[in-house]
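Grab a coffee and open the viewer. Below are some short exercises, each with a worked solution to check yourself against.

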Amino acid sequence: MAEEAAVGCARPTGGPVGEENQNETLQSQETLKEERSMIKVGQKAPDFIAPGYHKGAFVNVKLSDYLGKWVLLCFYPGDFTFV
Amino acid sequence: MSIDSMFVHKMWNDHELEHMVKGGIPYPMLSDAGGKVGTVYGVYDENAGVEARGRFIIDPDGVVQGYEVLTPPVGRNVNETFRQLQAFQLVRETKGGEATPSGWRPGKKTLKPGINLVGKVWKEWKTTDAFD
């Protein structure tokens, strides 16, 4: 039976339930150690291309196309979150 | 940027944000499905499958000058972001000749780092200057 869920500012997600696959857990913990480092101030911002929506059109945006301008890059948990 | 698709971005803009911002959101709303960009920037939470409220100031050379990361329930302070942006712009314009002390905002006094300022900051800057 589906239960009614509380609605907060974090986007709710699910995932697999039951016994964990031991190998997968070990592996993901190892990769986490390597990848989980914050980027540093004073260093180059990692370049990326991302699809998006801009003033009535779907666009592709490449960060390095903005060289020569100041950029504010903002991440947020999800559309329709409240804050 | 969020993990939502550009289609959902359009719906959010058209059905909600346009009621708050006349003409809709003026800048690109980017999609980071899978959180690949967010992972590189250190703001993607694999367990929740979403990105934290990360904000990065990137200068015209593509260098990250500052960032702030908040958990989902607390919103940002846009004035503070603009204040920092103006401070970084001033430092860049003066080629590092001027620095902005704690509490600086446009119009307030800057400091000129150099041998004559060593041990003399107390003459140039008061703790009350740290506050608005």
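**Exercise 1. The hairpin and its neighbour**

Find the residue that stands opposite Pro51(A) in β2(A), then work out how the strands around it are joined.

*Solution.*
Step 1. Start at Pro51(A): the residue across from it in β2(A) is Asn60(A). Keep in mind that you're looking at a predicted model.
Step 2. Now widen the view to the strands themselves. β1 (residues 49-54) and β2 (residues 57-62) of chain A run antiparallel, with 6 bridges joining them.
Step 3. Check the turn. The hairpin of β1(A) and β2(A) has 2 residues between the strands, and Lys55(A) there takes a positive phi near 45°.
Step 4. Look for a partner from chain B. Strand β1(B), residues 29-30, runs antiparallel to β1(A) and is joined to it by 2 bridges. In this pairing, Gly52(A) stands opposite Leu30(B).

**Exercise 2. A sheet built from two chains**

Work out the strand order of the open sheet of 3 strands, and say which helix packs on it.

*Solution.*
Step 1. Read off the order: β3(A)-β4(B)-β5(B), with antiparallel pairing.
Step 2. Pick out the edges. β3 of chain A (71-74) and β5 of chain B (64-70) each pair on one side only, which makes them the edge strands.
Step 3. Get the twist. Ignoring direction, neighbouring strands here are turned by 10° against each other on average.
Step 4. Add the helix. Helix α3 of chain B (residues 78-93) packs on this sheet, touching β3 of chain A plus β4 and β5 of chain B. The helix direction makes about 20° with that of β4(B).
Step 5. Zoom in on where the chains meet within the sheet. β3(A) and β4(B), the latter covering residues 53-58, are joined by 4 bridges. Here Leu72(A) stands opposite Ile57(B).

**Exercise 3. Three salt bridges**

The whole structure has 6 salt bridges over all chains. Take the pairs of Lys10(B), Asp59(B) and Asp132(B), and for each one say where the partners sit and whether they are buried or exposed.

*Solution.*
Step 1. Lys10(B) pairs with Asp14(B), at 2.6 Å from N to O. The two are separated by about one helical turn because they are 4 residues apart in helix α1 (residues 6-15) of chain B. Lys10(B) is partly exposed at 27% relative accessible area, and Asp14(B) is partly exposed too, at 22%.
Step 2. Asp59(B) pairs with Arg92(B), with the closest N and O atoms 3.6 Å apart. This pair links distant parts of the chain: Asp59(B) is in the loop between β4 and β5 of chain B, Arg92(B) is in helix α3 of chain B, and they are 33 residues apart. Buried means under 20%, so Asp59(B) at 5% relative accessibility counts as buried. Arg92(B), at 35%, is partly exposed.
Step 3. Asp132(B) pairs with Arg105(B), at 2.8 Å from N to O. Asp132(B) lies in the segment after α4 (121-124) of chain B and Arg105(B) in the loop between α3 and α4 of that chain, so the pair ties together parts 27 residues apart in sequence. Asp132(B) is exposed at 81%, while Arg105(B) is partly exposed at 36%.
Step 4. Look for shared partners. Asp59(B), Asp61(B) and Arg92(B) are joined into one network by salt bridges that share partners.

**Exercise 4. What surrounds Asp59(B)?**

Leaving aside neighbours within four places in sequence, list the contacts of Asp59(B).

*Solution.*
Step 1. From chain A, there are Lys69(A) and Trp70(A).
Step 2. From chain B, there are Gln65(B) and Arg92(B).

**Exercise 5. The nonpolar cores**

Which residues have the most contacts inside the largest nonpolar core?

*Solution.*
Step 1. This core has 17 residues, and the ones with the most contacts inside it are Phe48(A), Phe75(A), Tyr41(B), Phe56(B) and Ile58(B).
Step 2. Match the core to the elements: β3 of chain A and β4 of chain B are those that give two or more residues to it.
Step 3. Follow Phe48(A) outwards. Beyond four places in sequence, its contacts include Val61(A), Leu63(A) and Leu73(A), along with Met1(B), Leu30(B), Val37(B) and Tyr41(B).
Step 4. Don't miss the second, separate core of 6 residues, which includes Tyr53(A), Tyr76(A), Ile25(B) and Met29(B).

Notes:
Residues are numbered from 1 along each chain as its sequence is written. Chains are lettered from A and ligands numbered from 1 in the order in which they are written. This is a predicted model: local features need pLDDT of at least 70, side-chain atom pairs count only at pLDDT 80 or more; totals for chains, interfaces and linings use all residues. Side-chain values use heavy atoms; hydrogens and water are left out. Two strands pair if DSSP finds at least two bridges between them. Axes are lines fitted to C-alpha atoms, for helices over the stretch in contact, and angles run from 0 to 180 degrees between N-to-C directions. Contact means heavy atoms within 4.5 Å. A salt bridge is a side-chain nitrogen of Lys or Arg within 4 Å of a carboxyl oxygen of Asp or Glu. Buried means under 20% relative accessible area, exposed over 50%, partly exposed in between (1.4 Å probe, protein chains only). A nonpolar core is a set of buried Ala, Val, Leu, Ile, Met, Phe, Trp, Tyr and Cys residues joined through side-chain atoms within 4.5 Å.
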